[in-house]
Amino acid sequence: MSGNQFDVVIVGAGFAGLYMLHRVLATGRTARVLEQASDVGGTWYWNRYPGARCDAESLAYSYSFSSDLEQEWTWSERYAQQPEILAYARHVADRFDLRQHIDFDSRVASADWDEALGSWVVKTGHNRMFRASVCIMATGCLSVPRRPDIKGLEDFSGHFYQASQWPTEPVNFKDQRVGLIGTGSSGIQAVPVIASEAAELTVFQRTPNFSVPAQNKVLDADWVDAFKARYSEHRENHRQGVGSGFGDLAVLPQAGPMDPVLFESLTADQARDILEAAWERGGARFMGAIGDTLMNPVANAFAQNFVHQKIKDIVDDPEIAAALCPSNHPIGTRRICVDSDYYATYNLPHVRLVNLLKDPIIQITEHGVELQSEHVALDTLVIATGFDAMTGALLSMNITGSKGLTLAEAWSEGPKTYLGLMSCGFPNLFMITGPGSPSVLSNMIVSIEQHVDFVMSCLEFMVDHQHQRVEPDPKSQSGWMEHVQEVANSTLFPQGGSWYLGANVPGKPRVFMPYAAGVGPYRLACDAVAEADFRGFEFA
Ligand code: NAP
């Protein structure tokens, strides 16, 4: 048993788990990481579907904690593809000698707080047991895939793939009649790549999503050198911005800095020009080009119309273009997708869009998809139907805190946290990028580093003051959750009906989970808490 006793147990070896481990080990503490996959990388381990690519720019979506690492690693493209990001995660694990502290193929089955000993007992599926006074959930926000409740899904006898559980061996679509269900970020990235190989591709779309072009490019070496020469300035900008941690400085050599203005100060022509420039610049920062697009319904409607017109300009068939134009949510209130040639793919003769709102799926059959109007024969079926986001992984682990309280009970009406970092009744259990923090609305690596740094400061504070136990006080937690909702309600986000709200999972409480005020203000709030001796946390 003593071999399984550590100061800290970390669940997950994605970007959060790796950096957490590195920081914990650097203080001389012992730590063990439990990871269900066979390698590091988290979401970038599992999501190997064709076209998988980050929607944050490579030089921003990378660790800042080591200037040597950031100088020595070379990103090839503006938006890195999944294999390159996974290679980066592996490089980090090797460079900082982290692998020896990680148990792979070790899915956590339960975590129980032992009040008498003041420690967590974490068990894996293989019934291995680990004990640690501190447990850190670095389990990712989009790590529990969702299988749609479509009749007959198990009956399909062709090749079947789920985007977020893609096999490690190559998948061949040549000469295949492929069907794809799901048109969120994953489906939208996969469609052009599958279409480039398959004999036929049928996309089954229930709800269209807004997508903006990535304008992906191979990075220019001189420009990268210039960027790296000012890396610390860029990083500071990512950390402090009111935006999402992607930086306000230009990440493309040819693009100028973004200087958002409010919609009401613009004429229609000026607003159109700004959106046009943002479209040409590419990427999710389209949403920030006009500063109040996510707050002001008029500004939002203008941006919606702009993208609708783009879709109509790109897609030849007016009926298909109309079906691709989202109309049930303000733009950006569901995660904006970033694509390479998505809309243009529908001009290819072997690519077909089925509008499920007009012609719903009755069932999946052995040989294809039966719609209300016809049977579509398929050799391969791909589903990209999303995740039980933000709370799915945490709630799947059977976490029991003090006095026998389970996390499922504590969160039965939706997640409750203080700062997205801890939850009352679960002492010494930290979450990295948990619900109630900017997490999925931000550049995840910026938010991961900030949370890990905060947790480390808290652990040091506990050592300095000889505390053994920490958890939020209930009043601070409920105050923070009210604040999170208040901020969300001052935006258009709650109108999105998205996975941010849990709306994609039947029966899941509808609570807006991420903190929408931006990474800069959130960081200030956390810093103020830390400076005030971790105000809002109770120590014992
Ligand atoms: P998603 O955005 O939740 O999209 C799931 C899709 O599946 C939706 O189009 C949904 O339609 C459809 N769907 C679900 N159940 C269905 C059913 N029964 N019948 C027909 N369609 C069904 O999931 P995702 O695309 O995996 O993306 C999730 C998040 O992961 C993204 O928002 C993003 O944050 C992240 N992500 C990031 C990247 C990147 O960095 N580039 C790439 C991929 C994913 P309805 O809307 O009608 O339910």
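This report describes the surroundings of D114 and of the ligand in a predicted model.

## D114 and its neighbours

D114 belongs to strand β4, which covers residues 108-114. Its relative accessibility is 19%. The cut-off for a buried residue is under 20%, so D114 counts as buried.

Two polar contacts involve the side chain of D114. In one, a polar atom of that side chain lies 3.1 Å from the backbone nitrogen of A116. In the other, the partner is the side chain of R131, at 3.2 Å. R131 also appears among the residues that D114 touches when those up to four places away in sequence are left out; the others are S119 and V121.

## The shell around the ligand

The ligand is surrounded by 25 residues, and those that come nearest are R53, S186, Q189, R206 and T207. By type, the shell consists of ten nonpolar, nine polar and six charged residues. Helix α5, residues 185-195, contributes the most to this shell, with three residues.

## Polar contacts and cover of the ligand

Oxygen atoms of the ligand take part in polar contacts with side chains. For W499, a polar side-chain atom is 3.0 Å from a ligand oxygen. For R334, an N or O atom of the side chain is 3.2 Å from an oxygen of the ligand. A384 takes part through its backbone instead: one of its backbone N or O atoms lies 3.4 Å from a ligand oxygen.

On its own, the ligand has 900 Å² of accessible area, and the protein covers 87% of this.

Methods. Residues numbered from 1 in each chain as written. Predicted model: local features only at pLDDT ≥ 70, side-chain atom pairs only at ≥ 80, totals over all residues. Heavy atoms only, no water. Helix = DSSP H or I, 4+ residues; strand = E, 2+ residues; numbered from the N terminus. Buried < 20%, exposed > 50% of the residue type's maximum accessible area, 1.4 Å probe, protein only. Polar contact = N/O pair within 3.5 Å; in protein donor to acceptor, adjacent residues only side chain to side chain. Contact = heavy atoms within 4.5 Å. Near = heavy atom within 4 Å. Areas by Shrake-Rupley, 256 points an atom, 1.4 Å probe, with all protein chains shown as cover. Nonpolar A, V, L, I, M, F, W, Y, C, P; charged D, E, K, R; others polar.
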